[in-house]
Amino acid sequence: MATVCDISTIDLLSENFNFSIPSYQRGYRWTKENIYALLDDLYEFSQSNETIYCLQPIVLKHVDGKLRIIDGQQRLTTIYLILKALKREEKLWGMFYEVEQKDLSELLNEKNTDINSQFRDAALDAVGKYDKNKKEAIADLLTVKREEKKVIFIKYTIDSESKEKEQDIFNRLNDGKIPLTSAELIRALFMTTISAPSFQMEIAKEWELMENTLKDEKYWSIFNTEKRYITTRMDLLFAIASKYDIANTRHNPLCIYHKVEEMLRSSDNKEEKLRSSDNKEEKLINYWKDVRRIFWGMSSVYVDYESYNYMGMLSLFNPDKAREVIKDIGFERNNLKQKVQESFDNSPSPEVLEYKVTDTSELRKFFVLFNILDCNQNKERFRFDLFLREENQQYTDDEKNESYRGGWDVEHIDAKNGTTINEPDRLNNLVLLDARTNRGYKDIPFGKKRDWIRRNFTKNDKQKSDCEFFTLPCTLKVFMKFYSYSQPSDSQSSDYSKWTDADGQAYKTAMFNLFNDFMDITGKDK
């Protein structure tokens, strides 16, 4: 058995802790890049409105009057070295290394050349060279007691009577087999608190269904409004059920678990132990029912292609409104549609949109809307998963020997220089294209661009998530002259080597017809 609580850096400085690092653990191996990344993160937290920064779990066991660190010594050593380099007056905690048979304070006062000392010295040097003003803010954060902001470790203390060998515990922890995320700890809470085996089994089956569903990128891509903050995808469901901002998991990956604990805890319990009253199990059962209701609400969006497309549009371009929808579980199709319409209330009219090198954000937004409205018309889902994959992909340009990030470019259908169309920078000669294709075919005439895109599309099945190139449906239709079929009297419509004014006008009409139906744009030139 293990007891769990949090321990702040203030606690470490004030309670005379003595730790020992067993000989089976590897030596200190943080690089200066690791140090700078942590310092940057701590400084950012110090300037934010967030209240808790969670460093990492540490696992301890009482042996011979010392707390043996079974896991987490790298981060704990780093905090020690940061405070040492900052030259604060506070007395630091003891850290005795069994291999070297010395305390860290002694080792830092000696001139040693072993590999462990080299890494420790490099860490001290990195902190010394860090921005002076930022260092002061970090020093205050770590050493000055404030109720509203603190840096903590999650402390797991294993029962000293435990029969399991320490090294086996260490290996198990580092194999990732112990629950150290909010979702896994919450699952353990359900399994240990709910007494009815039938309900435990029901939760286990539903949990597996939810977890597998959330693994599907097509499903996940429309709900993940916090692209970099999620520890595990199940955390999103628990964050919604707990009415908690998922972004907080960036600095404290266990904050959602603590929120659930808080729901079960008596208000006057200072030691933060879980409530043992009769209604604790009932609270957890009701909480799971909320989680289940949220999941089926999200799933109702996924199965309805229009709701799916609107939800994805919000997540891409208006994450604040998407968060409102998720928080309120407002997944009805009309509500989602209205939220998307509201996102365009203050946008420029499509008629006045034109290509400007310095800012193509509004154009990008309208072209994505055009594509999802086209998908609605054809009763299919827009591939937000592939759109986001391209946006986040890294590529290498072998000719220039440089790397670049993928994304989506507003591109001229016919090259601006030597174009056959009168208004090359207006909507009727613009399209949204993946950056890799745009860089690949460079500045070539319409006919050659068309052949390039058709060839890439032909060799890639667009229904597969592992396809190499993803071409937006309306972009493909433009280069196949799909919209030009509405102009049969124009003999040039069948000339696939040119993009003409008639082609551009037909394309613009198709866009405006969809926009009019969706946003009720009136009085516009079609």
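Which residue stands opposite Asn18 in β5? It's Gly94.

This is a predicted model, where local features need pLDDT of at least 70, side-chain atom pairs count only at pLDDT 80 or more, and totals for chains, interfaces and linings use all residues. Numbering runs from 1 along each chain as its sequence is written, and side-chain values use heavy atoms, with hydrogens and water left out.

Here is how strand β2 (residues 18-21) pairs up. Strands count as paired if DSSP finds at least two bridges between them; helices (H or I, at least four residues) and strands (E, at least two) are DSSP runs, numbered from the N terminus.

| Partner of β2 | Sense | Bridges |
|---|---|---|
| β5 (residues 94-97) | parallel | four |
| β4 (residues 66-71) | parallel | two |

On the β4 side, Phe19 has Leu67 as its bridge partner.

Now for helix α11 (residues 234-241): eight of its eight residues are buried (under 20% relative accessible area, 1.4 Å probe, protein chains only), so the helix is largely enclosed by the rest of the structure. Those buried residues pack against α8, α9, α10, α12, α13 and α15. One of them is Phe238, which, leaving aside neighbours within four places in sequence, is in contact (heavy atoms within 4.5 Å) with residues including Phe190, Trp207 and Trp288. Just after α11 comes Lys243, with a positive phi near 55 degrees.

Phe238 also turns up in the largest nonpolar core (buried Ala, Val, Leu, Ile, Met, Phe, Trp, Tyr and Cys residues joined through side-chain atoms within 4.5 Å). Of its 104 residues, Phe190, Phe223, Phe238, Met311 and Tyr507 touch the most other members. Helix α13 (residues 280-303) gives the most to this core, with ten residues.

Note on methods
Buried means under 20% relative accessible area, exposed over 50%, partly exposed in between (1.4 Å probe, protein chains only).
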